[in-house]
Every structure is written in C-alpha cells, then in structure tokens.
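Below is a short briefing on one protein chain. Please look over the sequence and the model before reading the points that follow.

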Amino acid sequence: MPDQKPPRLESGERETVQALIQYQRDSMVRKVTGVNDTAARRPLVDSGTSLLWLIRHMAQAEILWVLHRFAGQRVGLPDDRVRPDDTVAAAVELYRHTWAQVDAVVAIASLEESCRNPGDAPPVNLRWVLMHLLEERARHAGHADIIRESIDGDTGR
C-alpha cells in the first residue's frame with residue numbers, strides 16, 4: 001500500500017481539524033482494505049485487538065462522543081465486539097455511515113458549544129471532543145498499522 005501523507009493546508013481551525021479527522025478515518029479504512037474477513041477478525045495481540053475491532057470501535061467512539069454526548073441525541077451505540085460472522089465490508093459501511101451523521105452535527109455547531117450530555121465527567125466543548133477523537137483515531141491507526149503489517153507485511157498510512 002503506498003504511503004499517504006496527511007493533508008497539508010493553510011486554513012482555519014475547523015477546516016484543518018476536519019481535514020485531519022477525515023485523513024485518519026480514511027487511513028483506518030485503507031488498513032482493512034484488501035484484508036480477508038478471517039484475517040481482519042483475528043486478534044494478533046493479547047488485548048484482543050483486531051482490524052475489525054478497531055473499525056467498529058472508532059464508529060462507536062464517534063457516535064458516543066458527537067451524537068450522544070455532544071448533540072444529546074438518544075442513539076443506540078453499536079457494539080464494538082467482533083463476532084465470527086462480521087465482515088470488513090459491514091464494518092466499513094457502519095464506519096462511513098457514522099461519518100455522515102457526525103459530520104452533519106459538526107457542520108452546524110460552534111466549536112465553543114458545550115456537550116449536552118457530558119455524564120459525570122467535567123464539561124467539555126466540541127473543540128475538545130474533536131481533538132479527543134483525532135487523538136484516539138491517530139492512536140488506533142498506529143495499532144492498525146502494526147496489525148496489518150503482521151497479517152501480510154503491508155505498510156503505509
């Protein structure tokens with residue numbers, strides 16, 4: 001897989017964050033592209049992390065943080081557990097569907113706007129939520145890099 005560098009742009013805060021978020025999303029999808037379902041389900045580390053778990057977990061995290069906590073929507077959280085019949089195609093479809101929902105909320109909100117449903121934690125605004133999700137995606141993309149290389153030797157972002 002050819003290495004894809006992050007976008008370099010000179011733009012405002014929102015556009016920069018959104019471009020980097022989308023880059024990390026696309027990187028995660030590239031990591032599972034071309035991997036068969038059996039290999040994508042297989043955990044290669046003691047924690048049980050697999051490529052399919054990473055994709056499902058990131059969809060869950062975006063729904064939890066943006067739709068549920070920030071927007072206050074009553075949404076069901078997808079389970080991030082990987083089952084024997086889970087497929088790469090279904091996980092990627094779930095993740096991409098999540099992007100559309102999340103991006104629609106973010107597009108009309110102020111970065112300074114506070115979460116409507118922060119739970120027991122201290123309040124945070126949308127800026128913090130997006131930065132947290134960027135950090136979590138980047139961290140998990142690194143995990144996906146290592147797992148993918150362990151499966152078939154493929155490298156690159």
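The notes below cover fold, surface, charge pairs and two buried residues.

The model is predicted. The chain holds five helices and zero strands, and its elements run α-α-α-α-α along the sequence. By the rule used here, eleven salt bridges are counted, and Arg 25, Glu 62, Asp 103 and Arg 137 belong to one network of them.

**Fold and overall dimensions**

- The secondary structure consists of five helices, with zero strands.
- A compact globule of 157 residues would have a radius of gyration near 15 Å, so the 16 Å of this chain agrees with that expectation.
- Taken along the principal axes, the box filled by the C-alpha atoms is roughly 45 × 35 × 25 Å.
- Of the contacts between residues at least 6 apart in sequence, 74% link residues at least 24 apart.

**Burial and surface**

- Buried residues make up 41% of the 157 in the chain.
- The exposed area of the chain is about 8400 Å².
- Carbon and sulfur atoms account for 53% of that exposed area.

**Charge**

- The chain carries 20 positive and 23 negative side chains.
- The centres of these two sets are 1 Å apart.
- Side chains of opposite charge can pair when their charged atoms come close.
- The number of salt bridges in the chain is eleven.

**Salt bridges around Asp 79**

- Asp 79 pairs with Arg 81 in a salt bridge, with N and O at 2.6 Å.
- Asp 79 also forms a salt bridge with Arg 83, where the closest N and O atoms are 2.7 Å apart.
- Asp 79 has a relative accessibility of 23%, so this residue counts as partly exposed.
- Arg 81 counts as exposed because its relative accessibility is 54%, and the cut-off for exposed is over 50%.
- Arg 83, with a relative accessible area of 34%, is partly exposed.

**Glu 113 and the four-residue network**

- Glu 113 and Arg 116 form a salt bridge, and their closest N and O atoms are 2.5 Å apart.
- Glu 113 is partly exposed, at a relative accessible area of 25%.
- A separate entry concerns Arg 25, Glu 62, Asp 103 and Arg 137, which are joined into one network by salt bridges that share partners.

**Arg 25**

- Arg 25 sits in helix α1, which spans residues 13-32.
- Is Arg 25 buried or exposed? Arg 25 counts as buried because its relative accessibility is 2%, and buried means under 20%.
- Beyond residues up to four places away in sequence, Arg 25 touches Glu 62, Tyr 95, Trp 99, Val 102, Asp 103 and Arg 137.
- Three of these contacts, Glu 62, Asp 103 and Arg 137, are named with Arg 25 in the salt-bridge network.

**Leu 67**

- Leu 67 is placed in helix α3, residues 51-70.
- Leu 67 is buried, with a relative accessible area of 2%.
- Which residues does Leu 67 contact, leaving aside neighbours within four places in sequence? They are Glu 62, Gly 72, Gln 73, Val 75, Gln 101, Val 102 and Val 105.
- Glu 62 and Val 102 are in contact with Leu 67, and Arg 25 touches both of them too.
- Leu 67 and Asn 117 lie 50 residues apart along the chain, and their C-alpha atoms are separated by 9.7 Å.

Definitions and conventions. Residues are numbered from 1 along each chain as its sequence is written. This is a predicted model: local features need pLDDT of at least 70, side-chain atom pairs count only at pLDDT 80 or more; totals for chains, interfaces and linings use all residues. Side-chain values use heavy atoms; hydrogens and water are left out. Helices (H or I, at least four residues) and strands (E, at least two) are DSSP runs, numbered from the N terminus. The radius of gyration is taken over C-alpha atoms; the globule rule is 2.2 Å times the number of residues to the power 0.38. Buried means under 20% relative accessible area, exposed over 50%, partly exposed in between (1.4 Å probe, protein chains only). Contact means heavy atoms within 4.5 Å. Accessible areas come from the Shrake-Rupley method with a 1.4 Å probe; for residues, only the protein chains shown count as cover. Lys and Arg count as positive and Asp and Glu as negative; His and the chain ends are not counted. The place of a charge is taken as NZ of Lys, CZ of Arg, CG of Asp or CD of Glu. A salt bridge is a side-chain nitrogen of Lys or Arg within 4 Å of a carboxyl oxygen of Asp or Glu.
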